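Let's take a walk through a protein together, one stop at a time. Keep the structure open beside you and follow along.

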Amino acid sequence: MISIPTGPAQQGIWVNERLAPLGSVHHMPFAVHFEGALDESALAAACADLADRHPVLGMTVREDHGLPVLTAGPPPGLTVHQSSPERLATELAGLSAEPFDLATGPPARFTLLRIDESRATLLVVVHHIAFDGTSTDVFLRDLADCYAHRTGTGPALAPLLPSRPHDQGEPGPDALAAAKAHWAGRPLPEADVLLPGLTDRPDGVGPGAAVAFDLPTELRAELIVTADKLGVTLFELLLTALHTLLLRYGNEHPAVAVDLGTRGTDAAERIGAYVNELPVVTTPRPGMSFGEFAREVRSELRGCYPHRRVPLARAVRGLRPGVALAPVSFTYRRRIAPVVFTGLRSTIDWVLFPGTARGALRVHLVDGPDRLGVLLMHRTEVLAGPQVERIGAHLRRLLAAIAVAPGTTLADLPLLDEAESAPLRGPTPAADAADATLPSLLLGSFTTHPARVAVVTAGRTLSYAELAEGSIRLAHHLVEVGVGRGTVVAVCAERSPEMLAAVLAVTLAGGVYLPVDPTYPTERIAHVLADAGAPVALVQQRTAERVAGHGRTVLLDDLFETAPASPAAQGQPLPTVAPNDLAYLIYTSGSTGRPKGVEVPHGALAHLLLAFRDQLLTTPDSVWLAVTSLSFDISALELLLPLVSGGRVVIADASQVRDGRALSELVERHAVTHVQATPSGWRLMLEAGLTAPALTALSGGEALPLPLARRLRARVGRLWNVYGPTEATIWSTSAEVPPAPDEVSIGRPIAGTTALVLGPDGRPVPHGVTGELALGGAGLARGYRGLPELTASRFVADPGSGSRYYRTGDLARVRSDGALDCFGRLDDQIKLRGHRIELGEIEGRLQEHPAVAAAAVAVHGRADDPAGQVLVGYPVWRSGVTAPDPAELRSFLARTLPDVMVPGVFHVLDALPLTPNGKTDRGTLPIPVHEQPTATEPADEPWDELTSEVAAIWCEVLGLPSIGRYDDVFDLGAHSLTITQVASRIRRRLGVEVPLQVFYEEPTVAAVADAAALELLAEEH
């Protein structure tokens, strides 16, 4: 039997098919629809003639010493089936996806679907190992000629001269050296890509779908003229448009895998796999014109042409082969002139989608004289159809703009429609929110509910009348000592009714309350007081020393035991504040390490309270548990919302807020209806056995992991996930979590709030694209105290509307249902070995393990030394469970995360370090002591016979004098074909089959030897 070596393209396809099930990803189906009196016997004979003319259609692919070779096999024949218009599309899809057995052949199928006497469809499906895009043209042209001959209307086709029925064979040493020189130092495609709505890693293959559309004839003609003016081809212009689209989706280095033909003149009339896929990676500048960028893309693309016959894995060391060279790929084909079948009217579907997709997105363009067809193939498990339709709409809008004004900068080319450009808007604010302030709302409740219980704590109960009397009396005293509108008054008190009354008194006096937690470090308290310039501090005897030396102090200890103020004093009106006046000044952590003060006006606070009053249906019967430090801005909601709605607040004391059992008992004892806490706080209560079917729970302050959401939702009546920065007044968005949730979002803007997701240029990004979340509306703070430059940089104007927004520094995207997903801080996103990684995603997966109560993840090592960086997981075990070992945790994570996202080290903690506000304090996570993997084994570690033999095989195939036990073979020049050769030699010499996946998962001599030993052991037993 004659065996013909395969070429690089076929070898890569063959290896990928052996590595993992690829479904129909390498199938290349197309269809011819006939109308008229089709001669079936002539068509069958024509198909046989065509297979004789192109022997590759009847070849089989077999392995010979680890290399694929072509051998003669059975030619494909024509199969005829009866069909109908209703079944045709389904049958075409099903037949296109039927698998090939390359070892037995043939790699092609011809099926005629007969609809009636005058209509039929010929489906041709050929495996990519024997076919490329140009082969479709050759096939149809030759088939039409063969049919004409068999119907007696044309001559027989001349036989083709003998030739290799595939591509041009192995690249020579000179070609390989030139390709290595070309790719040296060039950017290569990364493993990830940003696309609208991408939900998972874009590598691999899976079930897919396609979105098809035609560009208008007029637009195609305009693009041809534009390309000519720019000095580029239409293909180069379209590729530049795709790179521009990727840039606008947030990809700084857009990478597209492009199919490049490798046919020589001798192969122009042949069917075969004359193609190689190579990456085109660019670094566009948003301010450059499209025309300038098109010329750069042309230069980059044409630089690839001399090396188009050399697979990238042969030219670049360390590049691991895969079925998708880049997450986004691009194919452009010019259609030939219409094919005429004698006596028939025919139309051609040049590309049919076979049902399986690779990577994330494949853009397939078929350019003909009458239309430019676009097919967007995508993996449905990572990219949904509506999102791909959105991508198609963006591409059409972009191309229309390019045709009109190619001199426009990349950043200014229109991409979004009005719906995507517009901010997300919350409900209309309550009717009483327009001019509301905290004093006006409080005085209304004091008047309406004097006899109702307002505050409960540590055995003490105050009615609204008692709370009002003490607060108003203190407010008058503050006015007497000089407090007025805008005066900052520090409140440094332990958790008590006095603390609450102090806050109310400051606002009633027109002042600005400044919370100072007495448990904070002395240096921080001193900085806050000095920066705020507070002339007065409200304190208790136990806390007075914490603010000593920073202005006048007023004691609160006897506030509710003091005799009522004189009628004259009570008769003096308190200052009237306006919505623009400041309500409080609160300090948050600063990026410089120094706290920064956020100035929040009355109107913003009132809008927040009234929005949640209506959203949560808070009534005079509502009972809130206050568990949060006054220095954490969310405390304002749990302290003040019950008071402005006539309800009751139960204040947990300092010992109770750290005790989950004590908090759970407070909920039960006081029939609490609403509790707000961070996820860390909810874990405390759940571990203590909290079960409160009537409770409305709010979780915020940090991401709510899905496993925790499920546990918590099962124990309470309602659960809201709330999100918001201090600069937008406590909470800005909310989402009610349903029973047994499958996901957790941050929901939609609350009443009076707007939201945008912005790119680095400050413009809205498309829905489904990750960007920085910006918040606007009634809840915005005034800015940072004494920091005008920082205020100007974070509080910005929307370029479209001019409205004011706060850039949160949080990553988010708009979902297809209009809700928001949040992915953590911009600075929590890392790059590791070409992968864009959100630490929060790993934390969420780690917390899904049944033994893990809480978890954090961090990266350690130098950012400029990726090889030395390691991901570290910090699990906290649930009480009463057996702690898993690191191997079990890694195995658990590997089920849903790629290898690069599985921590290499685990450092167990008794509890996560928390900030005073109850959030995970990443800055204090300990640096673990761990052993770095090394490329060389210890000198005293013996080499067994099996390992030595495996190493010798590697040296033979790679042409190396020696190899280390733990060297990465890809770094030493291994590629897909060397892998199969090594596997073949191991099979022949050692009599054991090592799965190819082993070579890719851990590409070292040690790992392959271990796998061989396991296989040998299994055979013995």
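We'll talk a lot about how covered a residue is: buried means under 20% relative accessible area, exposed means over 50%, and partly exposed is in between, using a 1.4 Å probe and protein chains only. You're looking at a predicted model, where local features need pLDDT of at least 70, side-chain atom pairs count only at pLDDT 80 or more, and totals for chains, interfaces and linings use all residues. Residues are numbered from 1 along each chain as its sequence is written, and side-chain values use heavy atoms, with hydrogens and water left out.

Let's begin with a helix. The helices (H or I, at least four residues) and strands (E, at least two) here are DSSP runs, numbered from the N terminus. Find α14, which covers residues 497-508. This twelve-residue helix reaches 16 Å from its first C-alpha to its last, close to the 16 Å expected at 1.5 Å a residue; that expected span is 1.5 Å times one less than the number of residues. Is α14 mostly covered or mostly open? Mostly covered: twelve of its twelve residues are buried, including P497, M499, L504 and even E498. Just after α14, G510 takes a positive phi of about 90°.

Next, some charged partners. Side chains of opposite charge can pair when their charged atoms come close. We call it a salt bridge when a side-chain nitrogen of Lys or Arg is within 4 Å of a carboxyl oxygen of Asp or Glu. How many salt bridges turn up in a search of the whole structure? The search finds 48. In one of them, E63 meets R987, at 2.4 Å from N to O. E63 lies in strand β3 (residues 59-64) and R987 in helix α26 (residues 976-990), so this pair ties together parts that are 924 residues apart in sequence. E63 is partly exposed, with a relative accessible area of 30%, and R987 counts as partly exposed too, at 25%.

Helix α26 also takes part in another pair: the side chains of E949 and R989 meet in a salt bridge at 3.1 Å, N to O. E949 lies in helix α25 (residues 945-958) and R989 in α26, so the two tie together parts that are 40 residues apart in sequence. E949 is partly exposed at 27%, and R989 is partly exposed at 37%. Elsewhere, E743, R813, R815, D817 and D821 are linked in a network of salt bridges.

Now for the empty space inside. Picture a 1 Å grid over the protein atoms alone: a cavity is a set of points where a 1.4 Å probe fits but cannot get out, and lining residues have an atom within 4 Å of a point. Grid points are joined across faces, edges and corners, and a volume is the space filled by probe spheres set on the points. The structure holds six cavities of 30 Å³ or more, and the largest has a volume of about 90 Å³. Its lining includes L514, Y520, R524, I586 and S631. The elements that give two or more residues to that lining are β20 (512-515), α15 (522-532) and β23 (582-588), with α15 giving the most, three residues. The lining divides into eight nonpolar, one polar and two charged residues. In this count, Ala, Val, Leu, Ile, Met, Phe, Trp, Tyr, Cys and Pro are nonpolar, Asp, Glu, Lys and Arg are charged, and the others, Gly among them, are polar.

Time for some backbone oddities. Most residues other than glycine have a negative phi, and most peptide bonds are trans. The bond from G105 to P106, though, is cis, with omega near -10°. P106 sits in the loop between α3 (88-97) and β6 (108-116). T729 is not a glycine, yet has a positive phi of about 65°, and I730 has a positive phi as well, near 70°. T729 lies in the loop between β29 (716-723) and β30 (733-736), and so does I730. T729 is buried at 1% relative accessibility, and I730 is buried at 0%.

Those neighbouring strands bring us to our last stop. An open sheet of nine strands runs in the order β18-β17-β26-β25-β27-β28-β29-β30-β31, with mixed pairing; two strands pair if DSSP finds at least two bridges between them. β18 (460-463) and β31 (748-749) stand at the edges, each with a single partner strand, so one side of each is left without a neighbour in the sheet. Four bridges join β17 (residues 453-457) to β18, and the two run antiparallel. Look there for V455, which stands opposite L462 in β18.

Conventions:
On a 1 Å grid over the protein atoms alone, a cavity is a set of points where a 1.4 Å probe fits but cannot get out, and a pocket is an open set with protein on both sides within 12 Å along at least five of seven lines; lining residues have an atom within 4 Å of a point.
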